[in-house]
Amino acid sequence: MKFFDYAITFREMPFNPSGSLTFYTGGQCKHKCQGCSWGDVKPEGEFIPLDKFRGIVKKKRYHTDAVCFLGEGSDQYDLAQYLKVCKDLGMKTMLYTGGQMADFDEEVLLLLDYIKVGVPLQLILGIIMTLVLPLIFPF
């Protein structure tokens with residue numbers, strides 16, 4: 001898979017105070033969600049082979065116990081292979097995607113401890129603020 005960055009983050013996985021090793025998938029997202037953090041400027045990224053990925057996760061697992069993928073990548077088979085590496089190393093796994101549960105093979109879903117699907121929260125809150133609140137509190 002292609003990634004353009006990775007970092008230890010502390011807000012992606014709920015109820016996980018140790019944070020997560022977050023990998024930012026490069027340029028492969030087909031959803032183009034309005035309100036996405038990356039918008040249209042998501043970098044292409046570079047391919048990280050499985051053995052190099054394993055080395056990164058192995059090194060960082062002493063700092064956190066979870067791996068998060070932001071964006072699903074272009075190939076579910078590839079995603080499943082990277083998730084298996086995480087599971088083999090005893091890590092929790094999660095995926096943030098603009099897709100839907102039905103978009104994913106059962107193999108991928110069974111390898112995930114947490115998945116966030118659908119449109120970003122900012123878009124949902126924006127709709128509530130502009131459409132719903134005026135109906136409840138007319139001025």
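The following paragraphs describe the fold, the sheet, the helix packing and the nonpolar cores of a predicted protein model.

Residues are numbered from 1 along each chain as its sequence is written, and side-chain values use heavy atoms, with hydrogens and water left out. Because the model is predicted, local features need pLDDT of at least 70 and side-chain atom pairs count only at pLDDT 80 or more, while totals for chains, interfaces and linings use all residues.

To begin with the overall fold, the protein contains four helices and six strands, where helices (H or I, at least four residues) and strands (E, at least two) are DSSP runs numbered from the N terminus. Read from the N terminus, the elements follow the order β-β-β-α-β-α-β-α-β-α. Of the 139 residues, 37% are buried, that is, under 20% relative accessible area with a 1.4 Å probe, protein chains only. Contacts (heavy atoms within 4.5 Å) often span the sequence: among those between residues at least 6 apart, 62% join residues at least 24 apart.

The six strands form an open sheet with mixed pairing, in the order β3-β1-β2-β4-β5-β6; two strands count as paired if DSSP finds at least two bridges between them. β3 (46-47) and β6 (114-116) stand at the edges with a single partner strand each, so one side of each has no neighbour in the sheet. β6 pairs with β5 (residues 92-96) in the parallel sense over three bridges, and K116 in β6 is the bridge partner of Y96.

Helix α1 packs on this sheet, touching β1 (2-9), β2, β3 and β4, and its direction makes about 150 degrees with that of β2. Axes here are lines fitted to C-alpha atoms, for helices over the stretch in contact, and angles run from 0 to 180 degrees between N-to-C directions. The axes of α1 and α2 come within 10 Å and cross at roughly 35 degrees. At this meeting, L50, F53 and R54 of α1 face Q81, Y82, V85, C86 and D88 of α2 in contact.

What, then, does the largest nonpolar core hold? A nonpolar core is a set of buried Ala, Val, Leu, Ile, Met, Phe, Trp, Tyr and Cys residues joined through side-chain atoms within 4.5 Å. The largest has 23 residues, and those with the most contacts inside it are F3, F23, F53, V57, V67 and F69. At least two residues of this core come from each of β2 (20-25), α1 (50-60), β4 (66-70) and α2 (76-88), with α2 giving the most, six residues. A second, separate core of six residues includes M13, Y24, A66 and M94.

How values were computed: Buried means under 20% relative accessible area, exposed over 50%, partly exposed in between (1.4 Å probe, protein chains only).
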